[in-house]
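Visitor: I would like a close look at a single part of this protein, namely the place where its domains meet, and then at any unusual backbone spots elsewhere in the chain. Please take your time over it.

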Amino acid sequence: MSLSLIARSISASPTLRLNEKAAILREKGDPVIHLGGGEPKSMAPLDAILAAVTTLNSGEVRYTPADGIPALKKSIIRYTEEFYNRKVSPENIIVSGGAKQAIMVALQAILNPQEEVLYPAPYWVSYPDMAKLCGAVGIPVYAEDGSFYPTLKDFELKVGSYTKAIIINSPNNPTGAMYSEKFIADIVDFCERKDIYLIMDDIYHRLIFDGRKPINCYNYAKDLSEKSKLIVINGVSKQYAMTGFRIGWAVANKKLIEAMTNIQGHQTSGPSVLLQKAAVGALNGIQSGVENLRVTLENNRNVLIDLLNSFEGVKVTKPDGTFYCFADFSNYEKSSNKLSEFLIDKVMVLTVPGKEFGMEGYLRISYCGSIKDITEGIERIKWALDPNSPNELYIGDRKLVRDWL
Ligand SMILES: Cc1ncc(COP(=O)(O)O)c(C=O)c1O
């Protein structure tokens, strides 16, 4: 079969691939614990569901404007005022099929072949492939000190004449690292000086812990005119537990939004009206679910970190937000792919290999599931890796005998 160069350069999303693997094992009746997930388990807000149902019952389910329905744009304008203290117009907003599509059309609107987009490493698995889909090149920026927090200097060393954009995802998937106010201020200023687009992927910005407050990038922008190259991405997927609704958005200058709308108009048209109405329901409705989710995640994080700290060989950096922890298992196995496969095969616990996020030896462990899953999952991992644990483990009435240590 003859495939395009781009198609041949793109690999399957590892998280989606792992989800499929877990589903197949579960269908077989295997008691899989999924610590690889990227979605909260709470219910979508009732206001979202009712809004979608009301629209469906009306039978008025038609095409929407390619950049989103006015009612949702109104809610996003209010959201932007509340969380970014910034007044924007409907023409500054595009609603897309998830934050993923919003980022993708933004990149398609700004990147030429060979140009570069930079992002801190470890990074969300989709950024490199999104760059490739544009014929462009994704460049990970590693912190010189080996931490999850690169500095402006780390970026300066990688920026060249091909650099067109920087993506900052804070708090970060997969590490949960929230970059400091100073770093955000520095990077906003740097991008303005260098005339580089800055994409703030703020999809997890409200899911932060230990009393932190969301950081508003606009506070550090000198240029808030229609020439600004700042693009802010957000959506309902994570904060409202509405991953399957596929609604995200971008806020940017009008010219760029127009270009993104032209692209999206030919790609998918506007997202489904049912799902946009659901997003309006979520944004305008009772907000307590977001805080409940945040508190649950913070508690889950604390439980997970305590459990991981009981491993002698695991190095953990406490996540500042999200529902991911990126733990260093290299004392046990240098190849994260091998280790992840080993854990699913031996103890039916699903984790995501760090290599997929640009850092070998690590595993991404999600804590968006139940405390029971987190506790039992980590116990199983510990049993599989720790030579001091007993030789046998019961999973339900199945007896596992360890013959590999
Ligand atoms: C960093 C990051 N950005 C964007 C997205 C996409 O979110 P959505 O489900 O709204 O497309 C994800 C989803 O996992 C993510 O982790």
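Guide: What follows starts with the contact between the domains and then turns to a few points in the backbone.

The model is a predicted one, and the domain assignment divides the protein into domain 1, made of residues 5–43 together with 288–401, and domain 2, which covers 46–284. Between the C-alpha centres of domain 1 and domain 2 there is a distance of 27 Å. To the contact, domain 1 gives 33 residues and domain 2 gives 29 residues. If you look at the side of domain 1 that touches domain 2, the elements that supply two or more residues are helix 1 (5–9), helix 2 (14–27), helix 11 (288–309) and strand 9 (324–328). Of these, helix 11 makes the largest contribution to that side, with 7 residues. In chemical terms, the residues on the side of domain 1 that touches domain 2 comprise 15 nonpolar, 11 polar and 7 charged.

Turning to the backbone, you will find a cis peptide bond running from Ala 121 to Pro 122, with omega near -5°. Pro 122 belongs to the loop that links strand 3 (116–120) with helix 6 (126–133). Another cis peptide bond connects Ser 170 to Pro 171, and its omega is about -5°. Here the proline, Pro 171, sits in the loop between strand 5 (163–169) and helix 8 (181–194).

There are also residues that are not glycine and yet have a positive phi. One of them is Asn 85, whose phi is about 50°, and which is placed in the loop between helix 4 (70–84) and strand 2 (93–97). Because a residue is called exposed when 12 or fewer other C-beta atoms lie within 10 Å of its own, Asn 85, with 10 C-beta neighbours inside 10 Å, counts as exposed. Asp 195 likewise is not a glycine but has a positive phi, in this case of about 60°, and the loop in which Asp 195 is found runs between helix 8 and strand 6 (197–201). With 9 other C-beta atoms within 10 Å, Asp 195 is therefore exposed by that cut-off.

Helix 8 is thus a useful landmark when you follow the chain on screen, since the loop that holds Pro 171 lies between strand 5 and helix 8, while the loop that holds Asp 195 lies between helix 8 and strand 6.

How values were computed: Residues are numbered from 1 along each chain as its sequence is written. This is a predicted model: local features need pLDDT of at least 70, side-chain atom pairs count only at pLDDT 80 or more; totals for chains, interfaces and linings use all residues. Domain bounds come from an automatic or database domain assignment. Two residues are in contact if their C-beta atoms, placed from the backbone, lie within 7 Å. Helices (H or I, at least four residues) and strands (E, at least two) are DSSP runs, numbered from the N terminus. Ala, Val, Leu, Ile, Met, Phe, Trp, Tyr, Cys and Pro count as nonpolar, Asp, Glu, Lys and Arg as charged, and the others, Gly among them, as polar. A residue is buried if 20 or more other C-beta atoms lie within 10 Å of its own, exposed if 12 or fewer, and partly exposed in between; C-beta atoms are placed from the backbone.
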